[in-house]
Amino acid sequence: VLFFQFRNFKIIYRRYAGLYFCICVDVTDNNLAYLEAIHNFVEVLNEYFHNVCELDLVFNFYKVRRRGGSLGCCG
């Protein structure tokens with residue numbers, strides 16, 4: 001299962017190697033669109049960090065936020 005309901009929201013997540021990427025969305029939103037968005041974000045990170053790992057995300061959080069800001073509405 002790649003999503004579950006929590007109160008009035010859905011938590012959509014996907015696992016890549018040892019990393020979990022999660023998005024909290026409205027119940028009526030399309031699951032597949034958000035799974036695709038997660039996949040695209042991971043592709044961008046892989047391209048930028050050349051095979052991204054958890055240490056890249058921890059020690060370069062400001063770079064990750066800058067890359068991910070354009071994908072979301074609150075960047």
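Here is a short chat about how to read this predicted model.

Me: Where do I start? How many helices and strands are there in the chain?

Reply: Start by listing the pieces. This chain has three helices and three strands. Going along the sequence, they come in the pattern β-β-β-α-α-α.

Me: Okay, strands then. What is the order of the strands in the sheet, and how do they pair?

Reply: The general idea is that strands of a sheet pair through backbone hydrogen bonds, either parallel or antiparallel. Here you have an open sheet of three strands in the order 1-2-3, and the pairing is antiparallel. Strand 1 (3–6) and strand 3 (19–26) sit at the edges with a single partner strand each, so each has one side without a neighbour in the sheet. From one strand to the next, the twist averages 25°.

Me: How many bridges join strand 1 to strand 2, and how many join strand 2 to strand 3?

Reply: Four bridges link strand 1 to strand 2, and eight link strand 2 (residues 9–16) to strand 3. You can trace a path across the sheet through I12: F3 has I12 as its bridge partner in strand 2, and I12 has I23 as its bridge partner in strand 3. Try another path through I11. F4 stands opposite I11, and I11 stands opposite C24 in strand 3. Y13 is also bridged to strand 3, where its partner is C22.

Me: What happens in the turns between the strands? Which residue takes a positive phi in the hairpin of strand 1 and strand 2?

Reply: That's R7, with a phi near 55°, in a hairpin that has two residues between the strands. Strand 2 and strand 3 form a hairpin too, also with two residues between them, and A17 in that turn has a positive phi of about 55°.

Me: Let me pick one residue on the sheet. Is F4 buried or exposed?

Reply: Neither label fits: F4 is partly exposed, with a relative accessible area of 42%. You'll find F4 in strand 1. Leaving out residues up to four places away in sequence, F4 touches F9, K10, I11 and Y13. For a sense of distance, F4 and V27 are 23 residues apart in sequence and 9.6 Å apart in space, C-alpha to C-alpha.

Me: Now the helices. How many residues does helix 1 have, and how far does helix 1 reach?

Reply: Helix 1 has 19 residues and spans 27 Å from its first C-alpha to its last, close to the 27 Å expected at 1.5 Å a residue.

Me: Which residues of helix 1 are buried?

Reply: Here's the idea first: an α-helix has 3.6 residues a turn, so residues three or four places apart point the same way. In helix 1, the buried residues are N31, L35, I38, F41, V42, L45 and F49. Looking down the axis of helix 1, these buried residues fall within an arc of 120°, so they line one face of the helix. On the other side of helix 1, L32 and E47 are exposed.

Me: And what does helix 1 touch in the sheet?

Reply: Helix 1 (residues 31–49) packs on the sheet and touches strand 1, strand 2 and strand 3. The direction of helix 1 makes about 40° with that of strand 2.

Me: What about the core? Which residues have the most contacts inside the largest nonpolar core?

Reply: In soluble globular proteins, nonpolar side chains tend to be buried together. The largest nonpolar core here has 14 residues, and those with the most contacts inside it are F21, I38, L45, V52, L57 and V64. Strand 2, strand 3 and helix 1 are the elements giving two or more residues to this core. Helix 1 supplies the largest share, six residues.

Me: Take L45, then. Which residues is L45 in contact with, leaving aside its neighbours within four places in sequence?

Reply: L45 is in contact with F21, H50, V52, L57 and V64.

Me: Last one: what percentage of the chain do buried residues make up?

Reply: Buried residues make up 25% of the 75 residues in the chain. As for contacts with a separation of 6 or more, 20% of those in the chain are between residues 24 or more positions apart.

Definitions and conventions
Residues are numbered from 1 along each chain as its sequence is written. This is a predicted model: local features need pLDDT of at least 70, side-chain atom pairs count only at pLDDT 80 or more; totals for chains, interfaces and linings use all residues. Side-chain values use heavy atoms; hydrogens and water are left out. Two strands pair if DSSP finds at least two bridges between them. Axes are lines fitted to C-alpha atoms, for helices over the stretch in contact, and angles run from 0 to 180 degrees between N-to-C directions. Contact means heavy atoms within 4.5 Å. A nonpolar core is a set of buried Ala, Val, Leu, Ile, Met, Phe, Trp, Tyr and Cys residues joined through side-chain atoms within 4.5 Å. Buried means under 20% relative accessible area, exposed over 50%, partly exposed in between (1.4 Å probe, protein chains only). The expected span of a helix is 1.5 Å times one less than its number of residues. The arc is that of the directions from the helix axis to the C-beta atoms.
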